[in-house]
Amino acid sequence: MSKQRVSRRQFLSYTLTGVGGFMAAGMLMPMVRFAVDPVLKADEGGDFIATKQKVADITDEPVRVDFTFKQKDAWYESEVTNTAWVYKDDAGKIVALSPTCKHLGCTVNWNTDKEHPGQFFCPCHYGRYEKNGQNIAGTPPLAPLDVYPFKEKDGFLYLGKAKPRKEA
Ligand code: FES
């Protein structure tokens, strides 16, 4: 068995390299984590947000449902309030429509145009939509209102992220 001696110079070299590497890793890790953290975060877009709307109370008359959630944009977190128009269709299925007009993004209201009752109405440029969110030909919007995916939990309505009708 051969004895291998470590010189004082080698010992110092190994020790300093080890300590230096340890310190460098300690400084670099937070920087790397800071740089890639938003990328590693799970996409929260698919989450469902609780609303205060009881599913049992939803009728065939659209009601405005506001719901608030925290939104994280990279490192900036803010509280966002969204709105949906919610009702049950003839088959008793829940319909949750985005109130954002597909023309230029104004907010549509239910049944506020006296000349066209039973429709969603956008006051900005007189855009109109059928109750099911379908845009009415001859008015400015060129697409139907976006649709919220939804689910029921503990009797309350939960809403996801509004999507164009084709994707919903
Ligand atoms: S923004 Fe709604 S009709 Fe123009």
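Here are some short exercises on this structure, each with a worked solution.

The model is predicted, and local features need pLDDT of at least 70, side-chain atom pairs count only at pLDDT 80 or more, while totals for chains, interfaces and linings use all residues. Residues are numbered from 1 along each chain as its sequence is written.

**Exercise 1. Get the overview**

Find how many helices and strands the protein has, and their pattern along the sequence.

Solution. Start with the terms: helices (H or I, at least four residues) and strands (E, at least two) are DSSP runs, numbered from the N terminus. Counting them gives one helix and nine strands. Read along the sequence, the pattern is α-β-β-β-β-β-β-β-β-β.

**Exercise 2. Place strand 9**

Work out which strands pair with strand 9, and how its faces are covered.

Solution. Strands pair if DSSP finds at least two bridges between them.
- Step one: strand 8 (residues 150-153) runs antiparallel to strand 9, joined by four bridges. Lys-153 has Phe-156 as its bridge partner.
- Step two: look between these strands. Their hairpin has two residues there, and Asp-154 takes a positive phi near 50 degrees.
- Step three: strand 1 (residues 49-54) also pairs with strand 9 in the antiparallel sense, over three bridges. Here Ala-50 is partnered by Tyr-158.
- Step four: turn to the faces. In a regular strand the side chains alternate between the two faces of the sheet. In strand 9 (residues 156-159), Leu-157 and Leu-159 form the covered face, and Phe-156 and Tyr-158 the uncovered one.

**Exercise 3. Explain the edges of a sheet**

Why do strand 5 and strand 7 each have one side without a neighbour in the sheet?

Solution. First find the order: this open sheet of three strands runs 5-6-7, with antiparallel pairing. Strand 5 (109-110) and strand 7 (127-129) are at the edges with a single partner strand each, so one side of each lacks a neighbour in the sheet. Next, check one pairing: two bridges join strand 5 to strand 6 (residues 120-122), and Trp-110 has Phe-120 as its bridge partner.

**Exercise 4. Explore the core**

Identify the elements that give two or more residues to the largest nonpolar core.

Solution. Such a core is a set of buried Ala, Val, Leu, Ile, Met, Phe, Trp, Tyr and Cys residues joined through C-beta atoms within 7 Å. Buried means that 20 or more other C-beta atoms lie within 10 Å of a residue's own, with C-beta atoms placed from the backbone. The core has 19 residues, and those touching the most other members include Ala-84, Leu-97 and Phe-120. The elements are strand 3 (76-88), strand 4 (94-97), strand 6 and strand 9.

Note on methods
A residue is buried if 20 or more other C-beta atoms lie within 10 Å of its own, exposed if 12 or fewer, and partly exposed in between; C-beta atoms are placed from the backbone.
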